[in-house]
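User: Hi! Could you walk me through this model with me asking as we go?

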Amino acid sequence: MHDNTALAAAARLADAVVGVFVVDTRWFPATTGCMGPFQASFWLASLTELRQALLALNIPLRIVTTADPAAALVAMARQLGADGITFNKEYEPRQLALDRRLTRLAQDAGVKVRACKDGVIFEEFELLTGSESVYHVFSPYKRAWLAALADNPVQSTGLPRKNAALRCAADAVPAPHALGYGDVKNTLPTGESGAAAMLANFSARPILEYAVQRNFPAVDGSSRLSAHLNAGTISIRQCVMAALHAGAADDRSGSAATWLAELIWREFYRMILFHYPHTAAEAFQRRYVTLAWPARPDRVTAWSRGETGYPIVDAAMRSLIATGWMHNRLRMITAMFLVKDLDVDWRVGENFFRQWLCDYDQASNVGGWQWSAGTGTDAAPYFRVMNPILQGRRFDPHGIFVRRWLPELSQVPVKNIHQPWLMPPSLQKQAGCVIGRDYPAPVVDHGQARLAAIARFKNLPR
Ligand SMILES: Cc1cc2nc3c(=O)[nH]c(=O)nc-3n(C[C@H](O)[C@H](O)[C@H](O)COP(=O)(O)OP(=O)(O)OC[C@H]3O[C@@H](n4cnc5c(N)ncnc54)[C@H](O)[C@@H]3O)c2cc1C
């Protein structure tokens with residue numbers, strides 16, 4: 001509502017505006033490969049708030065359920081006698097195809113189309129290297145991004161103008177179960193009001209401690225705004241302005257700049273997916289395209305249920321399934337563990353995250369998985385394999401996060417919390433955590449798995 005390029009443009013250009021939300025039935029049903037329950041629930045709750053906020057401006061929100069959004073939008077434009085359709089661009093392959101089809105069908109029907117840049121600060125070909133090619137490395141991209149921002153300051157569009165009268169009735173927002181989803185609890189505040197409160201709260205203090213605190217999963221050290229940025233309930237411009245504002249204040253740790261860099265990573269991955277759409281399903285680095293991945297159903301099951309025997313991995317996976325969100329450090333640890341330690345194809349993990357994350361975003365998810373697998377652009381090198389024991393000790397030193405999600409480890413001493421299998425049998429009994437009975441033994445030996453992973457990646461032709 002407060003910073004939406006397409007909505008503001010439509011209100012500026014037309015006497016009356018009608019909002020449309022398309023429930024794309026190829027994306028919304030609760031089946032594998034589509035939107036997961038936490039994300040659907042988050043979106044539908046946010047949509048309810050949007051519907052009310054639009055009504056206050058006499059803008060009805062129409063909701064269309066269809067497998068052909070482009071045709072349905074054009075049909076609705078004609079039915080309403082609309083001059084044109086205004087929309088915000090997206091950069092994922094599926095969305096780009098939809099935007100292209102919409103543009104073609106609208107032009108055929110004599111309906112004007114206006115595509116707006118909204119979800120990113122710089123898009124498509126706006127940021128290229130000195131030799132006019134696409135950036136593959138983050139640091140120079142970030143430098144160019146910051147320089148371009150200094151020359152092109154951002155601002156919010158503001159609320160759209162009020163329609164003189166309500167042109168048609170608003171539709172009801174479907175409940176999750178009407179789309180086949182079971183009940184899940186939104187663990188984040190939803191809607192634009194939820195996002196605004198979260199950004200205000202984060203900007204008040206945590207943003208200035210972000211550089212240090214963001215790495216500890218037991219601490220609320222990051223903004224948790226990803227689901228909002230993805231759904232559009234907060235804009236990237238609002239976040240960038242908050243980062244610049246905080247950075248201009250006393251920010252000795254450089255925390256606001258670190259947070260801004262994360263927002264730039266988001267844009268970097270969008271830019272990569274836009275220019276290399278095939279990398280949604282294929283290794284970015286060509287030499288890894290031929291990597292063979294054995295099917296390992298037992299290992300995938302252990303990982304996805306949080307039963308690998310490595311506490312930091314298991315706690316992370318159980319937190320994901322229970323809340324629909326996972327801390328960034330834990331995403332890196334669990335992703336690398338699946339690919340390197342368990343020798344499972346990164347696309348299996350990418351798909352699993354898609355089904356569970358409330359902030360699922362194809363560009364960031366593929367980017368994060370390919371980074372972890374070492375197959376992506378500017379990715380972790382193949383010989384870097386995170387040690388889940390050391391990661392646990394470093395980022396959850398007292399086991400607070402692990403105990404929160406693995407109650408069976410609640411009595412395990414701090415010394416053993418990230419390696420409970422090393423407890424002698426008497427201590428296991430005393431702690432109420434007998435390995436193999438109360439908590440699984442490690443599914444693989446990390447030391448051996450690491451060497452095997454390095455050999456697999458190293459031996460490929462360059
Ligand atoms: C394997 C893996 C999968 C991921 N899948 C997703 C996904 O589906 N959706 C998603 O939004 N992010 C994804 N990320 C990136 C990152 O983990 C989340 O954006 C972050 O944890 C969200 O928490 P936050 O909002 O508190 O982030 P903050 O730390 O507060 O960062 C602010 C914002 O910057 C962006 N951001 C932060 N880190 C990254 C990053 N590494 N890459 C891209 N953007 C980033 C997000 O929009 C985030 O909301 C993934 C990372 C990995 C390693």
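Analyst: Happy to; below we talk about helices, the ligand, aromatic pairs and a few backbone angles.

User: Before that, what should I know about the model and the numbering?

Analyst: This is a predicted model, where local features need pLDDT of at least 70, side-chain atom pairs count only at pLDDT 80 or more, and totals for chains, interfaces and linings use all residues. Residues are numbered from 1 along each chain as its sequence is written, and side-chain values use heavy atoms, with hydrogens and water left out.

User: Okay, helices. How many residues does H15 have, and how far does it reach?

Analyst: H15 covers residues 362-373, which makes twelve residues, and reaches 16 Å from its first C-alpha to its last. That is close to the expected 16 Å, where the expected span is 1.5 Å times one less than the number of residues. Helix names come from DSSP runs (H or I, at least four residues; strands are E, at least two), numbered from the N terminus.

User: And how many of the residues of H15 are buried?

Analyst: Ten of the twelve are buried, so H15 is largely enclosed by the rest of the structure. Buried here is under 20% relative accessible area, exposed is over 50%, and partly exposed is in between, with a 1.4 Å probe and protein chains only. Among the buried residues are Trp369, Gln370 and Trp371.

User: What covers the buried residues of H15?

Analyst: The cover includes helices H4 (93-108), H10 (255-275), H11 (297-305), H13 (328-341), H14 (346-356) and H19 (446-458), going by contacts, meaning heavy atoms within 4.5 Å. Just after H15, Gly374 takes a positive phi of about 80°.

User: You mentioned H4. Which of its residues are buried?

Analyst: Those are Gln95, Leu96, Asp99, Leu102, Leu105 and Ala106. Gln95 has a relative accessible area of 18%, and its C-alpha is separated by 25 Å from that of Met326, 231 residues apart along the chain. H4 itself has 16 residues and reaches 23 Å, close to the 22 Å expected. Helix H3 (69-80), strand E3 (84-88), strand E4 and helix H10 are included in what covers the buried residues of H4. Just after H4 comes Gly110, with a positive phi of about 75°.

User: Switching to the ligand: how many residues surround it, and which are the closest?

Analyst: There are 27 residues around the ligand, and the closest are Tyr210, Ser222, Ser223, Arg224 and Asn328. A residue counts as near if one of its heavy atoms lies within 4 Å.

User: Which polar side-chain atoms lie by an oxygen atom of the ligand?

Analyst: Asn328 has one at 2.7 Å from a ligand oxygen, and Arg331 has one at 3.4 Å from a ligand oxygen. From the backbone, an N or O atom of Leu225 lies 2.9 Å from an oxygen atom of the ligand. The cut-off for a polar contact is a pair of N or O atoms within 3.5 Å. The protein covers 95% of the 810 Å² of accessible area that the ligand has on its own, computed by the Shrake-Rupley method with a 1.4 Å probe.

User: Nice. How many aromatic pairs are there?

Analyst: The count comes to 28 aromatic pairs. Rings of Phe, Tyr and Trp (its six-membered ring) pair if their centres lie within 6.5 Å; planes under 30 degrees apart are stacked, over 60 edge-to-face, and the rest tilted. Phe38 and Trp356 form a tilted pair, 6.3 Å centre to centre with 50° between the planes. Phe38 lies in helix H2 (residues 37-55) and Trp356 in helix H14, so the pair ties together parts that are 318 residues apart in sequence.

User: Are those two buried or partly exposed?

Analyst: Phe38 counts as buried at 4% relative accessibility, while Trp356 counts as partly exposed at 24%. Another pair is Tyr310 and Trp421: the ring centres are 5.3 Å apart and the planes at 70°, so that pair is edge-to-face.

User: Which rings are linked into a cluster?

Analyst: Ring pairs link Phe38, Trp303, Phe352, Phe353, Trp356 and Trp369 into one.

User: Last thing: where does Asp343 sit, and what is its phi?

Analyst: Asp343 is in the loop between H13 and H14, and has a positive phi of about 55° although it is not a glycine. Most residues other than glycine have a negative phi. Asp343 counts as buried at 7% relative accessibility.

How values were computed. Polar contact = N/O pair within 3.5 Å; in protein donor to acceptor, adjacent residues only side chain to side chain.
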